[in-house]
Amino acid sequence: MRALVLVTALAMMTGTALAKPAHKPAAPPAKAPAETTWIAICFGEDAQYTQTINGAGYFHLGTGQRSYQTQKLVQSQYNASMVCAVPDPKAPHADSNVALVCADLTAKTISVMSQSTAETKRVLPQNATVFCKARIDVLNQ
């Protein structure tokens, strides 16, 4: 008799647990936003500007001796057609004397502003000079 009561009680508890879950199942984890990276490569000049949106950027400039100067950058402006960056104040400065680098997807150019120009003009994209025509790829990872 005890065994019958025990089996009946277990069956009732199992049936109740199956009919009504104690908690809701966990929702699947949300996808992390994709990182977007702009890669701009000059035509006719040995230079490349790479910028991860909301992340690090780098301006690589050939020295003509099979080596490169690399300046680490911090993004200063971004919209659907242009990304710009200034030298990272925490990183060592390259000899390239760059104050601003911009990649313009619409014009397909890389523009650069030098430190000497920055002494007389504000560091803004419209004050930068076109450095080269470029191939610009926007990659979503």
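**A left-handed link and an eight-stranded barrel**

1. Let's start with a bond. The torsion about the S-S bond of Cys-42 and Cys-132 is about -65 degrees, so this disulfide is left-handed. The two sulfur atoms sit 1.9 Å apart (a disulfide here is a pair of cysteine sulfur atoms within 2.5 Å). Distant parts of the chain get linked this way: Cys-42 belongs to strand S1 and Cys-132 to strand S8 (residues 129-140), with the two positions 90 residues apart. Helices (H or I, at least four residues) and strands (E, at least two) are DSSP runs, numbered from the N terminus.

2. Before you go on, a word on what you're looking at. This is a predicted model, in which local features need pLDDT of at least 70, side-chain atom pairs count only at pLDDT 80 or more, and totals for chains, interfaces and linings use all residues. Residues are numbered from 1 along each chain as its sequence is written, and side-chain values use heavy atoms, with hydrogens and water left out.

3. Are the cysteines of that first link buried or exposed? Cys-42 counts as buried because its relative accessibility is 8%, and Cys-132 counts as buried because its value is 5%. (Buried means under 20% relative accessible area, exposed over 50%, and partly exposed in between, with a 1.4 Å probe and protein chains only.)

4. How many disulfides does a search of the whole structure find? It turns up two. The other pair is Cys-84 with Cys-102, S to S 2.1 Å. With 115 degrees about the S-S bond, the link of Cys-84 and Cys-102 is right-handed. Again, distant parts of the chain are tied together: Cys-84 is in strand S5 and Cys-102 in strand S6 (residues 98-104), 18 residues apart. Both of these cysteines are buried. Number the bonded cysteines in sequence order and the pairing reads 1-4, 2-3.

5. Now zoom out to the fold. The chain has two helices and eight strands, and along the sequence they follow the pattern α-β-β-β-β-β-β-β-α-β. The eight strands close into a barrel in the order S1-S2-S3-S4-S5-S6-S7-S8, with antiparallel pairing. On average, neighbouring strands of this sheet are turned by 30 degrees against each other, direction ignored. (Axes are lines fitted to C-alpha atoms, for helices over the stretch in contact, and angles run from 0 to 180 degrees between N-to-C directions.)

6. If sheets are new to you: strands pair through backbone hydrogen bonds, either parallel or antiparallel. Take strand S4 (residues 68-78) and S5, which pair in the antiparallel sense over five bridges; two strands pair if DSSP finds at least two bridges between them. Look for Tyr-78, which stands opposite Val-83 in S5.

7. Met-82 is also worth a click. You'll find it in strand S5 (residues 82-87), and it is buried because its relative accessible area is 16%. Leaving aside neighbours within four places in sequence, Met-82 is in contact with residues including Trp-38, Cys-102 and Pro-125; contact means heavy atoms within 4.5 Å. From Met-82 to Ala-107 you travel 25 residues in sequence and 9.3 Å in space, C-alpha to C-alpha.

8. Two threonines deserve a look. Thr-37, in strand S1 (residues 36-42), counts as buried because its relative accessibility is 7%. The side chain of Thr-37 makes a polar contact of 3.3 Å with the side chain of Thr-52. (That term means a pair of N or O atoms within 3.5 Å; within protein, one must be able to donate a hydrogen and the other to accept it, and residues adjacent in sequence count only if both atoms are side-chain atoms.) Thr-109 is found in strand S7 (residues 109-114) and is buried, with a relative accessible area of 7%. Not counting residues up to four places away, Thr-109 touches cysteines from both disulfides, Cys-102 and Cys-132.

9. Tyr-49, in strand S2 (residues 47-52), is buried, with a relative accessible area of 1%. The side chains of Tyr-49 and Gln-51 are joined by a polar contact of 3.1 Å. The C-alpha atoms of Tyr-49 and Cys-102 are separated by 8.2 Å, though these positions lie 53 residues apart along the chain.

10. Finally, some totals. Of the 141 residues, 29% count as buried. Among contacts between residues at least 6 apart in sequence, 39% join residues at least 24 apart. The chain exposes about 9,700 Å², and carbon and sulfur atoms supply 58% of it. (Accessible areas come from the Shrake-Rupley method with a 1.4 Å probe; for residues, only the protein chains shown count as cover.)
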